[in-house]
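I opened this entry to look up helix packing, a few buried positions and the aromatic pairs. My notes follow in the order of looking.

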Amino acid sequence: MNPQFSLQRIGRFIVRDLILLKGSIRTVASVIAVLFFIGSLIGLRGDLRFTPEAFVGMLRPVYIIVGILFTFVILKDAHYKKANHFYFLIPISPLERVMAIWGATSLLYTVVFTLFGVVVSQCTIGLASFFSSVDFHLVHPFTESYWSLIKFYTFVQPAFLLGAISFRKNRIGKTLFLVILSVVGVFLFNVILCFMFSGGAFDLFESDPFTTQAFARASEEYSGIGGLLFGFILGPIMLWACYHKFIEKEV
């Protein structure tokens, strides 16, 4: 196999996975379409407009849950005893394999899911405007909350990708446990920073207004460090760990 990094091999590997999962994708897409149709109708109540905030609120839980499940499903062949041997014989390097799976379950998934949600919601608005007093209007998700959602998923999803390739049994449960431990660790890190820069641990619990302001100021200034650490641990480091896990599996 050519050792050079190849975007063409990555694209072919993504197409291969999508073709193998086309039946499941169609079924899930049908369910999501029904959920979005109902959610859009609910969002049109009141002022008869489906606001971007309502759209993102409808999108958020489905987007995260389906994305996590997609991450585990796309790697199912890596754990089947009768299929994993052929799976790891596919002529693609570990780095290309990681980039292909992450690209399909994060980047491509986000774009397709968002467009699918917009199309279904727009069709719902069109039908509602035809049969009721709803005025036809365009819906878009591009709000601050939408970009926050994308950023959260982009950094957290590699942790589930690592769990999907690392564990053979109870993969989702074990991965959730590790992610929760990481979140708790970052939270404790933020608390320690606040204690260090707010006059000491015992002073934080006093009713002195100055101490309260110091705690608030430390929380605002140093919580970003914890967030950056959280994103770095659950983002690039997890992808790096996935890369080495694929090397281990191929040996």
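Before the helix crossings, I wrote down the convention: a crossing is right-handed if the near helix is turned clockwise from the far one by less than a right angle, and left-handed if anticlockwise. I also noted that the model is a predicted one.

**Entry 1: H5 and H9**

I began with H5, residues 94-131, and H9, residues 236-250. I read an angle of about 125° between them, with the axes 9 Å apart. An angle of 65 to 115 degrees would count as roughly perpendicular and one over 145 as roughly antiparallel, and H5 and H9 are therefore oblique to each other. By the convention above, H5 passes H9 in a right-handed crossing.

Next I listed the contact. From H5, I have Pro94, Leu95, Arg97, Val98, Ile101 and Trp102. They meet Leu239, Cys242, Tyr243, Phe246, Ile247 and Glu250 of H9. I sorted the residues of this contact by class and got 10 nonpolar, two charged and no polar.

I then looked up His244, which is also found in H9. Its relative accessible area is 36%, so I entered His244 as partly exposed. The C-alpha atoms of His244 and Pro94 are separated by 7.8 Å, while the two residues lie 150 residues apart along the chain.

**Entry 2: H2 and H5**

How far apart are the axes of H2 and H5, and at what angle do they pack? I found 9 Å and about 50°. H2 and H5 are therefore oblique to each other. H2 passes H5 in a right-handed crossing.

On the H2 side of the contact I noted Ala29, Ile32, Ala33, Phe36, Phe37, Ser40 and Leu41. On the H5 side I noted Phe113, Phe116, Gly117, Val120, Ser121, Thr124 and Leu127. By class, I have 10 nonpolar and four polar residues here, and no charged ones.

I followed up Ser40, which lies in H2, residues 22-43. Is Ser40 buried or exposed? With 0% relative accessibility, Ser40 counts as buried. Leaving out residues up to four places away in sequence, I found Ser40 touching Phe50, Met58, Ser121 and Thr124.

**Entry 3: aromatic pairs**

I turned to the rings, and the structure holds 15 aromatic pairs. One of the pairs I checked is Phe50 with Phe55, with ring centres 6.1 Å apart and planes at 75°, so I logged the pair as edge-to-face. Phe50 is buried at a relative accessible area of 3%, and Phe55 is buried at 0%.

I then checked Phe70 with Tyr109, where the centres are 6.1 Å apart and the planes are at 45°, so this pair is tilted. The pair links distant parts of the chain: Phe70 is in helix H3, residues 52-73, and Tyr109 is in H5, 39 residues away. Phe70 has 14% relative accessibility and counts as buried. I entered Tyr109 as buried too, with a relative accessible area of 8%.

Which residues form one aromatic cluster? I listed Phe36, Tyr63, Phe70, Tyr109, Phe113 and Tyr153. Going back to Entry 2, I see that Phe36 and Phe113 are also among the residues of the contact of H2 with H5.

Notes
Residues are numbered from 1 along each chain as its sequence is written. This is a predicted model: local features need pLDDT of at least 70, side-chain atom pairs count only at pLDDT 80 or more; totals for chains, interfaces and linings use all residues. Side-chain values use heavy atoms; hydrogens and water are left out. Axes are lines fitted to C-alpha atoms, for helices over the stretch in contact, and angles run from 0 to 180 degrees between N-to-C directions. Helices (H or I, at least four residues) and strands (E, at least two) are DSSP runs, numbered from the N terminus. Angles under 35 degrees count as roughly parallel, over 145 as roughly antiparallel, 65 to 115 as roughly perpendicular and the rest as oblique. Contact means heavy atoms within 4.5 Å. Ala, Val, Leu, Ile, Met, Phe, Trp, Tyr, Cys and Pro count as nonpolar, Asp, Glu, Lys and Arg as charged, and the others, Gly among them, as polar. Buried means under 20% relative accessible area, exposed over 50%, partly exposed in between (1.4 Å probe, protein chains only). Rings of Phe, Tyr and Trp (its six-membered ring) pair if their centres lie within 6.5 Å; planes under 30 degrees apart count as stacked, over 60 as edge-to-face and the rest as tilted.
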